[in-house]
Amino acid sequence: DGVMMSALSRPSRMMLLVNPQSGKGQALTLYNNHIQHMLNEAGVTHTLVITAAAALRGPVAVPGQGPHSLCDLREEVLLFLAEINSPLVKHMEDMNWRQNHARELVKEADLSQWDALVIMSGDGLLYEVINGLLDRPDWEEAVRTPLGILPGGSGNAMAASIHHYSGAPPVFSEELLLSCGFLLCQRLVTRMDLVSVHLSSSPRLFSFLSLAWGFVADVDIESEKYRHAGAARFTVGTLVRLASLRVYRGTLSYLPVAEDDGEEDNPPLHHQAPPSRDPPCQNSFHNSCHSNNSLKVRKAESTPSRSTTKAPSGPLDSLLLPLDQPLPGDWVVVPEEDFVLVLAMYQSNLAEDLLASPDSTPDDGFIHLFYVTGGISRAALLKLFLAMEKGLHLASSCQHLVHAKVRALRLEPSSPKGVITVDGEVVEYGPLQAEVHRGLARLITG
Ligand code: ADP
Ligand code: MG
């Protein structure tokens, strides 16, 4: 009976989104050589969707204003054209601006036709898919569509994490692809935490992997130019950045996980059928989070001021106050203001060969916050990154490295320029805050 149930709830009609340009540009060849056969063999019906060539890539420099994301730029151009009443508006609206093909496609898709959305690319494409799902009026159901990933990009942190969760020793490149293909074919679905991120003026976004400022974000972006090197781009980028190591100023605060909080288990998903009907796990997480707090202010959940920016879709962020308001008393403000890096992780791997958060599981409900304070030597930082290959950096007892399990965080950079990335993508630079939503999405882990 139970076996039947789990077999029935295994997704068998998959939409497979392939980005032919990701990584070394070999995703389609890899699909033809390995994946197509594997999926057919396992009886998985799948429809291949090749994501369209983008008009432009990466952040662009606007004279006098520094780098802009193309999304911002697109908005500005459209506003300007609308202002002067130009018929070009229509033309510009139809144009494919970098990151959006997959996002738009998922936003409009008839999801009843698909049991799972699987991407074959780097983490960037999964980020688009997730944000497309959360953008839908039916987001609550849409976000429970099982998601899968096959490593085809240069940043394959999510695929490496899924492999890590399987308990197998680390593998790279094509071996990682084969492992992920095999795991995908088993089609076992688990819950996955998503983190909602508020920036100062951009719309709220959802993150499944990481949030970075300082060293890690700089390496991620600077190493884009070594993308032909595949996953090795991060190693090269790390060495280059070490040579010009700098300190980033700002204030970091977080809401810690209470001592006895978070041990409650989410029931395994495949014992519930159909998977799309299970209750939102958020409420239980919520209550437990609040019941452990001694401060009255945290319990005043129903006061209107606690619910922040009203978003058109997606879950409510109950732990965050507006960015310009002071934080409640039970938040921890990190005393240091000089950082070499701030990194929030909710999956285990930061890259194929960087096990940055070895204890992370897809649905533990924690943001694993790491930061390295200023004053660390280059040699010590290099040592940390080398230890991270095996996930041993925390054991190295470096006094500059701090790890905390948190539910929410706020980052207020005071350095005027810098890079912040969410899931490896550049976002608006400036103050931000984030809150984890436990088990909001679904992930095929095998
Ligand atoms: P990588 O790890 O190689 O960077 P990603 O999955 O992060 O791979 O993809 C990077 C970006 O490529 C995404 O933002 C996506 O919008 C964009 N993209 C998708 N399809 C194409 C395409 N056909 N040509 C160029 N860029 C694309
Ligand atoms: Mg997690």
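**Exercise 1. Describe the shell around ligand 1 in this predicted model: which residues come nearest, and which helix gives the most?**

Step 1. Take the residues around ligand 1, which number 22. T51, S121, G122, G124 and G153 come nearest.

Step 2. Look for the main contributor. Helix α6, spanning residues 123-134, gives the most to this shell, with four residues.

Step 3. Sort the shell by class. There are 13 polar residues, five nonpolar and four charged.

**Exercise 2. Characterise the fold: how many helices and strands does the protein chain have, and what share of its residues is buried?**

Step 1. Count the elements. The protein chain has 17 strands and 14 helices.

Step 2. Check burial, with 20 or more other C-beta atoms within 10 Å as the cut-off. Of 446 residues, 43% count as buried.

Step 3. Turn to contacts with a separation of 6 or more. Residues 24 or more positions apart account for 77% of them.

**Exercise 3. Locate the domains, then analyse where domain 1 touches domain 3.**

Step 1. Set the bounds. Domain 1 covers 2-56 + 99-193, domain 2 covers 60-94, and domain 3 covers 196-258 + 327-439.

Step 2. Place the pair. The C-alpha centres of domain 1 and domain 3 are 25 Å apart.

Step 3. Count the partners. Domain 1 has 25 residues in contact with 29 residues of domain 3.

Step 4. Assign the domain 1 side to elements. Those giving two or more residues are α6, α8 (157-165), α9 (173-186) and β7 (189-199). Here α6 gives the most, with seven residues.

Step 5. Classify that side. It divides into 11 nonpolar, 10 polar and four charged residues.

Notes:
Residues numbered from 1 in each chain as written. Chains lettered and ligands numbered in written order. Predicted model: local features only at pLDDT ≥ 70, side-chain atom pairs only at ≥ 80, totals over all residues. Near = placed C-beta within 6 Å. Nonpolar A, V, L, I, M, F, W, Y, C, P; charged D, E, K, R; others polar. Buried ≥ 20, exposed ≤ 12 C-beta atoms within 10 Å, placed from the backbone. Contact = placed C-beta atoms within 7 Å. Domains from an automatic or database assignment.
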